[in-house]
Amino acid sequence: MPDMLVRLYALPERRASRLGPGISIRRAMAPERGIVLAWIEARFGAGWVGEAEAAFSSMPTRIHIAVHEGRVVGFACHDVTALGFFGPTGVEESMRGQGIGEALLIESLMAMRAAGYGYAVIGGVGPADFYARAVGAMEIPDSTPGIYAGMLFPDEAPSES
């Protein structure tokens with residue numbers, strides 16, 4: 001999966017939200033760490049939890065969450081695998097199609113722009129068409145596997161003898 005590049009300086013200041021009723025996007029707070037990490041692990045696995053833990057290690061945190069009726073329904077991180085990188089991000093399967101992923105993406109990218117970045121890299125992209133449409137992301141040639149080369153995965157770890 002290739003990386004994609006986003007020109008943060010070209011993002012509009014504000015755009016109309018497509019969020020469904022009762023859904024809000026905000027930066028996660030340190031006391032919510034356990035709740036958010038448990039939610040991520042249950043839906044997306046241990047690998048993404050490691051990155052989300054890193055997002056809680058700074059102030060302000062580098063993780064935004066989507067909340068609906070008092071519970072987490074989505075998340076997005078930035079500056080966790082490498083500085084200038086967006087991701088990982090995920091939305092509760094039953095809540096997809098309500099603009100949550102796009103809102104989390106834009107909120108995170110705006111936070112990166114406010115921190116002084118001119119560009120953001122979306123690492124190891126899955127839905128390339130979504131990122132191109134939502135924020136004008138462009139594929140970075142020859143970026144696979146990029147920063148993720150040699151990364152350890154739980155199901156690929158050698159067994160102990």
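An open sheet of seven strands, arranged in the order S2-S3-S4-S5-S6-S1-S7 with mixed pairing, is found in this structure. The edges of the sheet are formed by strand S2 (23–27) and strand S7 (138–139), each of which pairs on one side only. The structure is a predicted model. Alongside the seven strands, the protein chain has four helices. Read from the N terminus on, the elements follow the succession β-β-α-α-β-β-β-α-β-α-β.

The overall dimensions of the model were considered next. For 161 residues, a compact globule would have a radius of gyration near 15 Å, and the protein chain agrees with this, because its value is 16 Å. The C-alpha trace spans about 55 × 40 × 30 Å along its principal axes. Of the 161 residues in the protein chain, 44% count as buried. The accessible surface of the chain amounts to about 8800 Å², and carbon and sulfur atoms account for 56% of that surface. Among contacts between residues at least 6 apart in sequence, 72% join residues that are at least 24 apart. As for charge, the protein chain carries 13 positive and 18 negative side chains, and a distance of 10 Å separates the centres of the two sets.

The pairing of individual strands can be followed from one edge of the sheet. The edge strand S2 pairs with strand S3 (residues 63–68) in the antiparallel sense, over five bridges. Within this pair, Ser24 has Val67 in S3 as its bridge partner. Toward the other edge, strand S1 (residues 4–7) runs antiparallel to strand S6 (residues 119–122), and the two are joined by four bridges. In this pairing Leu5 stands opposite Val121 of S6. S1 also pairs with the edge strand S7, again in the antiparallel sense, through two bridges. Here Met4 stands opposite Glu139 of S7.

Strand S1 also shows how side chains are distributed about the sheet. In a regular strand, side chains alternate between the two faces of the sheet. Along S1, Met4 and Val6 point to one face and are buried, whereas Leu5 and Arg7 point to the other face and are not buried.

Two residues in loops were examined for their contacts. Glu32 is located in the loop between S2 and helix H1 (33–44). Glu32 is classed as buried because its relative accessible area is 15%, under the 20% limit for that class. When neighbours within four places in sequence are left aside, Glu32 is in contact with Arg26, Phe56 and Ile65. Arg18 occupies the loop between S1 and S2. Although Arg18 and Gly97 are 79 residues apart along the chain, their C-alpha atoms are separated by 9.5 Å. With neighbours within four places again set aside, the contacts of Arg18 are Gln98, Gly99 and Glu102.

The backbone geometry was then considered. Most residues other than glycine have a negative phi, and most peptide bonds are trans. Exceptions of both kinds are described below. A cis peptide bond, with omega of about 5°, links Gly87 to Pro88. Pro88 belongs to strand S5 (residues 85–91). A cis peptide bond is also present between Thr144 and Pro145, where omega is about 5°. Pro145 lies in the segment after S7.

Positive phi angles are found at two aspartates described here. Asp79 is not a glycine, yet has a positive phi of about 60°. Asp79 is placed in the loop between strand S4 (71–78) and S5. With a relative accessible area of 10%, Asp79 is buried. Asp142, likewise not a glycine, has a positive phi of about 55°. The position of Asp142 is in the segment after S7. Asp142 counts as exposed because its relative accessibility is 82%, over the 50% required for that class.

Terms used: Residues are numbered from 1 along each chain as its sequence is written. This is a predicted model: local features need pLDDT of at least 70, side-chain atom pairs count only at pLDDT 80 or more; totals for chains, interfaces and linings use all residues. Side-chain values use heavy atoms; hydrogens and water are left out. The radius of gyration is taken over C-alpha atoms; the globule rule is 2.2 Å times the number of residues to the power 0.38. Buried means under 20% relative accessible area, exposed over 50%, partly exposed in between (1.4 Å probe, protein chains only). Contact means heavy atoms within 4.5 Å. Accessible areas come from the Shrake-Rupley method with a 1.4 Å probe; for residues, only the protein chains shown count as cover. Lys and Arg count as positive and Asp and Glu as negative; His and the chain ends are not counted. The place of a charge is taken as NZ of Lys, CZ of Arg, CG of Asp or CD of Glu. Two strands pair if DSSP finds at least two bridges between them.
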